[in-house]
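These are my notebook entries on one model. I wrote down each thing as I looked it up.

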Amino acid sequence: MRFLFLAFLTFFSFSTIKAQTKPWQGKFEPIDQMIDPPNTYRTASGAPGSAYWQQRADYKIKAIIDEKNNTLNGEETITYFNNSPDDLSYLWMQLEQNVNKKENEDFGGMNNRMKDSINTRNLQFLTRAIDFPAGYSIKHVKDANGNNIKTMVNNTMMKVKLNTILRSGESTKLSIAWSYPITDRSMYILSREGYEYFPEDDNTVYLIAHWFPRMAVYNDTEGWQNQQFQKLGEFALEFGDYEVEITVPEDHIIASTGVLLNSESVLTKTQRKRLEQAKKYLDKPVMIITKEEAEANEKQKSTKQKTWKFNAKNVRDFAFASSRKFMWDAQAVKLPTNTVMAMSFYPKEGLPIWQESSTTAIMHALEVYSEATFDYPYPVCISVNTSNIGMEFPMISFNGGRPINGKISDKAKQGMIGTIIHEVGHNWFPMIVSSDERKWMWMDEGLNTFLHQRTVKERYPNFNNVTPKSIVPFMSGDKNILRPIMTTSDNELLSQFGANFYLKPTVGLQMLRNSIIGKELFDEAFREYANRWKYKHPNPADLFRTLEDATATDLDWFYRGWFFTTDHVDMELSHVKWFKVYEENSNIEDQKSTSKVKITADGNNAEIEAKDFSNGPEVVTMTSTPDKAYGQFLSRINEPEIRKQLSGKNIYEVTIKNLGGLVMPVSIEWIFTDGTSEIDTLPSDIWRRNEYKIQKTFIKEKEVRQVNLDPNFEFADTDMKNNSFPKANTKSNFENFKDKKSRI
């Protein structure tokens with residue numbers, strides 16, 4: 001037994017060494033050493049463990065907007081629950097408004113290149129020639145007994161040095177008073193919040209976000225997530241309940257996270273009646289505030305104030321928009337377990353497209369995302385029109401896209417609707433499946449874009465959407481510049497974070513769903529991930545493990561290549577050899593026949609690689625199997641039956657090279673001489689023993705005219721010119737130039 005095994009091992013060892021001569025790169029090795037190890041908090045299956053914990057923070061906030069001075073003043077009481085096994089002597093809080101201070105280390109740093117010609121706005125981004133006030137003024141931080149607590153501010157983070165240690169399992173209360181200047185969004189880049197001024201009617205739309213000091217995340221994988229806010233990497237936040245009171249000018253309308261508690265105090269009788277009516281309308285939106293009413297409201301400029309009261313349960317953030325310019329429409333969306341009020345707020349500058357399309361887009365997103373993951377759990381879902389951005393918060397999003405003089409191009413309309421769908425989709429990722437945006441932008445942007453594109457494809461089939469072809473220009477780029485997807489958020493270039501953190505993960509998930517795992521099994525696994533981690537904090541390892549656990553599919557090769565490297569897909573169909581069987585003086589019924597069967601071509605020289613199929617099949621001889629080839633087996637295969645099965649058949653041997661580095665399944669299209677075609681797909685496993693070159697033999701009834709790799713462009717192959725046999729007849733640029741000159 002030992003001798004036979006060693007002989008077998010020696011034979012295949014030499015065969016493998018001969019087959020692959022380039023260095024082995026371990027493309028199919030497990031990624032266990034590249035991701036966080038499992039433990040009692042996070043299991044090897046990708047699910048939360050039996051000892052999983054996370055912190056919680058409840059907020060009671062009162063805020064006032066001073067429209068004359070564009071400032072916000074606020075007071076809050078935070079109840080912080082220490083559910084960790086650790087005792088804490090200090091807490092970290094986020095002060096994201098400080099990112100807008102002039103002395104901030106990152107202000108203007110995203111586009112810091114001078115050019116021969118530069119417009120004044122870009123120069124403002126770069127130099128801040130017109131200065132403006134920004135950042136928090138913290139008036140006090142006190143404990144539950146009213147005693148001052150010492151703090152230390154480090155840029156966008158504040159360390160709160162507790163007067164008494166917060167023991168595991170206990171909670172503490174913090175009272176904080178603060179203010180900050182609300183910034184003009186047009187004055188700096190990546191302006192997710194602030195105010196937008198409308199000079200024509202002398203009014204303002206306020207987008208109020210990351211506006212209150214809030215708790216940083218403390219978790220099992222890194223302790224305090226107190227990485228500085230540098231604008232690109234967004235937020236990591238704890239869940240909690242919110243009670244919020246917002247005081248604004250009397251003629252303002254507020255769109256907000258949560259449920260409005262005092263509609264009788266802030267809305268007219270007519271508005272309340274319309275809102276109740278909208279709760280019964282499933283087919284179209286109801287106007288709560290019309291264009292005429294909004295225009296009349298614009299002119300009031302009230303100096304009186306009123307207070308809006310909201311309540312939000314189990315959310316990780318709170319945002320709102322306030323203006324006297326808002327029109328408002330609403331429609332009910334019925335899901336299997338919840339009925340949601342979809343609502344849009346927009347100035348007249350958004351007409352007519354916002355009235356026609358915004359709330360409908362919300363509805364489509366709610367329905368598709370709910371089906372793909374879990375039903376949207378909150379009572380409202382709001383889209384607010386703004387300029388230039390799309391930005392998400394629980395139950396509300398700020399979305400760009402406006403017509404010019406009432407007209408909008410088809411491209412701009414697609415972009416606007418796509419933005420609304422995308423930002424509404426963020427309610428799932430990361431507002432509920434609460435990954436760490438500041439560290440892993442791709443975990444929310446990539447997964448969300450994947451479902452956003454699925455929504456567009458299903459509900460807006462005439463719109464452009466992302467496919468594997470979309471990522472080819474990026475993946476064909478300079479490897480000295482490209483970063484892997486598994487790059488932390490703030491370490492990516494502004495010029496390519498969209499491709500790397502949005503599009504590339506999307507295409508990867510599309511390939512898993514459509515071409516590697518299969519739609520039904522993938523959808524079940526993706527839904528499993530979403531439900532395992534809703535209202536929790538998943539890491540990349542939790543996603544990777546869940547998709548494998550729920551599909552029984554080894555995906556480490558895919559994660560390793562697609563997420564951890566900048567390799568690309570470039571498969572070359574190097575050669576196709578054609579063989580054909582015919583019989584020569586043989587009786588296929590005679591199992592003892594010793595005659596030879598030839599696989600032959602007329603006059604073809606096998607020493608020369610054919611460039612097409614015009615010379616016919618090559619010659620090879622099929623002989624009877626000698627007894628010694630069976631080893632110790634006493635039975636014999638049915639050789640006449642094999643000859644019968646091969647008689648008249650076409651045998652093709654394909655040679656495929658991996659030039660780009662990424663291993664992928666191989667899709668092969670056969671186009672026959674009669675014009676018909678068929679596709680064979682080889683799994684990625686075919687590259688396990690040779691990562692650079694594979695050969696595979698196929699039997700076909702018909703003669704083949706052409707062979708193509710990846711005919712449906714499933715795998716983002718960056719060079720389709722080397723995917724065909726015979727080779728595609730493509731002319732060089734110089735040849736095209738000569739042809740053009742000859743026609744002149």
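Of the contacts in the protein between residues at least 6 apart in sequence, what percentage joins residues at least 24 apart? I found 74%, with contact meaning heavy atoms within 4.5 Å.

I note that this is a predicted model, in which local features need pLDDT of at least 70 and side-chain atom pairs count only at pLDDT 80 or more, while totals for chains, interfaces and linings use all residues. Residues are numbered from 1 along each chain as its sequence is written, and side-chain values use heavy atoms, with hydrogens and water left out.

**Entry 1: overall**

I counted 15 helices and 32 strands in the protein. Helices (H or I, at least four residues) and strands (E, at least two) are DSSP runs, numbered from the N terminus. The C-alpha trace spans about 105 × 70 × 60 Å along its principal axes. Of the 744 residues, 54% are buried. For these labels, buried is under 20% relative accessible area, exposed is over 50%, and partly exposed is in between, with a 1.4 Å probe and protein chains only.

**Entry 2: the seven-stranded sheet**

I read the strand order of one open sheet as β4-β7-β2-β1-β13-β17-β15, with mixed pairing. Two strands pair if DSSP finds at least two bridges between them. β4 (137-142) and β15 (259-260) are the edge strands, each pairing on one side only. Inside this order, β1 (residues 56-66) and β2 (residues 71-81) are antiparallel and share eleven bridges. I looked up A63 and found G74 as its bridge partner in β2.

**Entry 3: the six-stranded sheet**

A sheet of six strands is also open and mixed, in the order β16-β19-β20-β21-β23-β22. Its edge strands are β16 (286-289) and β22 (390-393), which pair on one side only. Neighbouring strands here are turned by 20° against each other on average, direction ignored. Axes are lines fitted to C-alpha atoms, for helices over the stretch in contact, and angles run from 0 to 180 degrees between N-to-C directions.

β21 (residues 380-385) runs parallel to β23 (residues 396-399), and four bridges join them. N385 has N399 in β23 as its bridge partner. Helix α5 (residues 291-298) lies across β16 and β19 (327-334), at about 15° to β16.

I also checked P379, in the loop between α6 (353-372) and β21. Is P379 buried or partly exposed? P379 is partly exposed, because its relative accessible area is 33%. Not counting residues up to four places away in sequence, P379 touches V259, T339, V340, M341 and M395. T339 is 40 residues from P379 along the chain, and their C-alpha atoms are separated by 7.1 Å.

**Entry 4: helix α8**

I looked up two residues of α8 (residues 441-459), starting with H452. H452 counts as buried because its relative accessible area is 10%. Leaving aside neighbours within four places in sequence, H452 is in contact with Y369, G418, I421 and H422. A polar atom of the H452 side chain lies 3.4 Å from the backbone oxygen of G418.

N448 is also in α8. N448 is buried, because its relative accessible area is 0%. With neighbours within four places in sequence left aside, its contacts are Y369, H422, G425, H426 and F429. N448 and P505 are 57 residues apart in sequence, and 9.7 Å apart from C-alpha to C-alpha.

**Entry 5: α8 against α12**

Two packed helices are described by the angle between their axes and the distance between the axes. The axes of α8 and α12 (residues 540-549) come within 10 Å and cross at roughly 45°. The two helices are therefore oblique to each other. Angles under 35 degrees count as roughly parallel, over 145 as roughly antiparallel, 65 to 115 as roughly perpendicular and the rest as oblique.

From α8, W442, M443 and L447 meet P540, L543 and F544 of α12. By class, I found six nonpolar, no polar and no charged residues in this contact. Ala, Val, Leu, Ile, Met, Phe, Trp, Tyr, Cys and Pro count as nonpolar, Asp, Glu, Lys and Arg as charged, and the others, Gly among them, as polar.

**Entry 6: a hairpin**

β28 (residues 666-672) and β29 (residues 677-682) are antiparallel, joined by six bridges. I668 stands opposite D680 in β29. How many residues lie between the two strands of the hairpin? There are four, and G675 in the turn has a positive phi of about 95°.

Terms used
Polar contact = N/O pair within 3.5 Å; in protein donor to acceptor, adjacent residues only side chain to side chain.
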